[in-house]
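User: I am new to this structure and should like to learn how its features are read. Could you guide me step by step?

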Amino acid sequence: MSEPTILIEHRAELHYLLTEAAEIEHGLMCCYLYAAFSLKDGERDGLSADEAAAVARIRAAIVDIARDEMVHLALVCNLLAATGAAPHLLRQNFPVTPGYHPAGVVVSLAPFDRETLKHFLYLERPEGVELPDGVGFAPSRTYVRGQAPGRLVPSAQDYETVGHLYRGIRAGLVALTDKWTGPKVFCGDPRLQVGPDVLAMTGLTTVVDLESALLAIDTIVTQGEGSPDHHETSHYERYLAIERDLAILEATNPAFAPAHPAARNPVMRKPPDPKDRVWVEREPAAGLLDLGNAVYAMMIRALGGLFGHPIADPQIRIGLVDGAIDAMHAMTMIATYLPRLPATADDAGPRAGLTFTMSRSPDSFPDVGRGLRMLAESSRAIAANLDRIAVPLDPRFVATRDLMARVAVRFDGLAARDVPIAVATAAAPVGTPAPLTTNEGGKEIVRGQAIEIQFEAVRCIHSRHCVLETPEVFLANVKGPWIHPDDAPIDRLVHVARSCPSGAITYTRLDGGADEDLPPVNLVRIRERGPLAFVADLRIAGEAPRLRATLCRCGASQHKPYCDGSHTAAGFDASGEPATMPTEPLAIRGGALEVTPLANGPLRVFGPIELLSGTGRTLNRMTQAKLCRCGGSSNKPFCDGTHVRNGFRADGA
């Protein structure tokens with residue numbers, strides 16, 4: 001009853017609070033990562049085998065929570081864009097100065113230990129839960145923030161918990177929608193929305209109206225503090241589980257120290273007020289820190305371009321995401337090495353740590369083409385400095401250097417696409433007359449008088465259209481020749497071939513009749529407890545074009561990316577009838593469809609597609625997507641990043 005009321009009377013106040021929410025999510029993500037990066041690396045850092053395994057579990061759990069904070073930041077950016085504001089990726093550098101957030105919300109960098117863990121629990125606590133904060137995280141002073149009613153210029157407001165902040169934003173959105181009607185509140189450009197088809201992360205959704213806005217807010221709160229139905233997977237409960245594990249480890253070994261003595265609140269530059277800060281001045285830590293912050297800045301700029309520009313070319317949108325993810329991998333390598341290096345001249349002093357120093361302009365995109373060129377330029381400079389500074393420290397940095405060099409090449413290639421590229425509306429016909437052989441490249445070829453039938457056993461998923469509709473042509477369970485093209489009317493054979501969902505059966509007419517046309521609409525049908533069935537002008541992993549294919553989504557096929565029927569033996573259980581998503585008709589519905597299996601990850605699809613349920617209901621329309629093929633996504637058929645956690649392994653294109 002004593003909680004302050006969050007006041008939202010107009011759009012400016014809504015945007016003010018959403019930008020503060022974005023900064024808190026961004027800041028918490030960095031704080032959690034800093035603690036995870038400070039953890040020791042197994043037995044080579046003096047841990048026993050049991051301790052090493054436990055610390056690895058703790059690190060994975062904290063990184064997973066930090067990944068959720070990235071989703072929350074993305075959701076807030078979608079909320080801002082939907083209500084007419086720009087995405088917000090700025091924040092204060094650490095430690096955040098008093099007054100910027102409420103007195104009870106202290107955002108600062110600290111290595112992992114029991115008190116840091118208590119601080120994380122305090123920040124993620126549900127509303128109504130009383131907890132002490134960790135020692136060393138008390139605010140330097142107490143103060144009150146508030147907004148007077150009737151003011152036009154928004155001001156900072158107080159809230160007890162992050163959940164309290166979002167409850168206020170939620171109430172404000174409802175009130176403004178009731179006051180102005182939805183379309184006036186949600187007036188943003190829908191092209192600025194970033195959804196799971198672009199950024200495959202659990203919980204990420206687009207925001208276009210009040211219903212989707214409230215869903216986004218509920219996702220943030222549920223993942224953080226939890227809810228009565230989903231408390232066991234909340235950040236709060238997961239940190240409690242880490243606290244229990246830590247207590248067992250400390251009871252077994254009172255001297256147990258899971259982390260390196262990384263500095264609290266390290267800074268890159270000599271601070272005017274050194275209180276509560278550690279200046280990382282000693283080499284090679286200072287040079288490596290500069291590199292880590294350069295990679296972090298490049299990652300934020302790539303995300304700023306993604307969220308801040310209505311980019312028409314889907315390959316550029318996906319390329320920005322891929323570049324940001326690669327930068328995160330490079331940053332992680334640097335950030336986990338820094339706590340091994342002395343930060344100051346005192347050998348016994350604190351170790352270094354990544355400071356996540358912010359650029360004053362995180363979005364370097366005056367336009368997309370020039371922004372991509374600047375990202376390529378930054379990536380090349382980072383690769384060069386990795387070679388000069390990091391590789392002499394540890395040969396493992398060679399892979400990081402090469403990764404950033406590839407990122408530069410990718411951004412250069414994307415920059416060359418400086419005009420939006422429409423999806424092609426026509427392509428070369430698929431299928432030419434096959435040579436007169438009985439087998440070629442795994443195809444069984446049978447030439448009749450009027451038609452030639454080609455059969456690829458490795459693609460067959462045994463849907464049995466052939467043996468049930470033309471049993472006189474396709475003889476089941478016989479030895480020797482089993483395809484007899486002259487024993488049925490040619491029109492029936494053409495129909496059977498076109499009904500084969502896997503594309504295992506194709507044909508070439510020899511009577512002067514037309515071969516199969518390119519489909520006017522690219523379709524992907526979700527088969528109940530089975531694969532994804534494509535009908536399109538398909539270009540799969542650089543192979544020759546084809547018109548039909550069934551691609552594995554259970555993760556068990558031995559012929560990935562193609563389905564081989566393993567979903568049945570694996571007991572794969574996934575609906576072919578997910579919920580319909582509101583979409584607009586596509587301007588271009590056919591043309592080339594590129595399908596690229598990503599290494600150990602999803603299927604990346606470029607081109608117009610209409611996603612259908614097993615019964616033919618249109619579920620979604622899109623021009624790019626990342627589709628799950630590990631079988632574990634909670635957002636099927638889209639990827640949500642679960643492949644990283646479940647250890648999915650599959651070759652890429």
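**Reading a predicted model**

Analyst: At 1% relative accessibility, Ser234 counts as buried, since the cut-off for that class is under 20%. The model is a predicted one. Ser234 belongs to the loop that separates α6 (210-224) from α7 (235-252).

User: What does the side chain of Ser234 reach?

Analyst: The side chain of Ser234 reaches the backbone nitrogen of Glu237, at 3.2 Å.

User: How is the length of a helix checked, taking α7 as the case?

Analyst: Each residue of a helix should add 1.5 Å, so the 18 residues of α7 should span 26 Å. The C-alpha atoms at the ends of α7 are 26 Å apart, which agrees.

User: Which residues of α7 are buried, and what covers them?

Analyst: An α-helix has 3.6 residues a turn, so residues three or four places apart point the same way. In α7, the buried residues are His235, Tyr236, Arg238, Tyr239, Leu240, Ile242, Leu246 and Leu249. Their cover includes α1 (11-38), α2, α3 (114-124) and α6.

User: How does helix α9 compare with its expected span, and how many of its residues are buried?

Analyst: Helix α9 covers residues 314-337; at 1.5 Å a residue its 24 residues should span 34 Å, and the end C-alpha atoms are 35 Å apart, which agrees. Of those 24 residues, 18 are buried, so α9 is largely enclosed by the rest of the structure. At the start of α9, a side-chain oxygen of Asp313 comes to within 2.9 Å of the backbone nitrogen of Gln315.

User: How many residues has the largest nonpolar core, and which of them have the most contacts inside it?

Analyst: The largest nonpolar core has 133 residues, and those with the most contacts inside it are Phe112, Ile169, Leu320 and Phe356. Helix α2 (residues 49-82) gives the most to this core, namely 17 residues.

User: Which residues is Phe356 in contact with, leaving aside its neighbours within four places in sequence?

Analyst: With those neighbours left aside, the contacts of Phe356 include Cys30, Leu33, Tyr34 and Phe37. Also among them are Arg91, Asn93, Phe94, Leu109, Asn293, Tyr296 and Met331.

User: How should I read a sheet, and in what order do the four strands stand here?

Analyst: Strands of a sheet pair through backbone hydrogen bonds, either parallel or antiparallel. Here four strands form an open sheet in the order β3-β4-β5-β6, with antiparallel pairing. The edge strands are β3 and β6 (505-509), each of which pairs on one side only.

User: How many bridges join β3 to β4, and how many join β4 to β5?

Analyst: Strand β3 (residues 439-440) is joined to strand β4 (residues 443-447) by two bridges; Glu440 stands opposite Lys443 in β4. Five bridges join β4 to strand β5 (residues 451-456). Ile445 stands opposite Gln454 in β5, and Val446 has Ile453 as its bridge partner there. Strands β4 and β5 form a hairpin, with three residues between them.

User: Which helix lies across β5 and β6?

Analyst: That is helix α13 (residues 490-499), which runs at about 145 degrees to β6.

User: How does one recognise unusual backbone geometry?

Analyst: Most residues other than glycine have a negative phi, and most peptide bonds are trans. In this model, a cis peptide bond joins Phe94 and Pro95, with omega about -10 degrees; Pro95 lies in the loop between α2 and α3. Another cis peptide bond joins Glu283 and Pro284, with omega about 10 degrees. Pro284 is placed in the loop between β2 (278-279) and α8 (285-308).

User: Are Asp276 and His462 buried or exposed, and what is the phi of each?

Analyst: Asp276 is not a glycine, yet its phi is positive, about 60 degrees. Asp276 sits in the loop between β1 (266-267) and β2, and at 54% relative accessibility it counts as exposed. His462 also has a positive phi, near 60 degrees, and is found in the loop between β5 and α12 (465-469). With a relative accessible area of 62%, His462 is exposed.

How values were computed. Residues are numbered from 1 along each chain as its sequence is written. This is a predicted model: local features need pLDDT of at least 70, side-chain atom pairs count only at pLDDT 80 or more; totals for chains, interfaces and linings use all residues. Side-chain values use heavy atoms; hydrogens and water are left out. A nonpolar core is a set of buried Ala, Val, Leu, Ile, Met, Phe, Trp, Tyr and Cys residues joined through side-chain atoms within 4.5 Å. Buried means under 20% relative accessible area, exposed over 50%, partly exposed in between (1.4 Å probe, protein chains only). Contact means heavy atoms within 4.5 Å. Two strands pair if DSSP finds at least two bridges between them. The expected span of a helix is 1.5 Å times one less than its number of residues. A polar contact is a pair of N or O atoms within 3.5 Å; within protein, one must be able to donate a hydrogen and the other to accept it, and residues adjacent in sequence count only if both atoms are side-chain atoms. Axes are lines fitted to C-alpha atoms, for helices over the stretch in contact, and angles run from 0 to 180 degrees between N-to-C directions.
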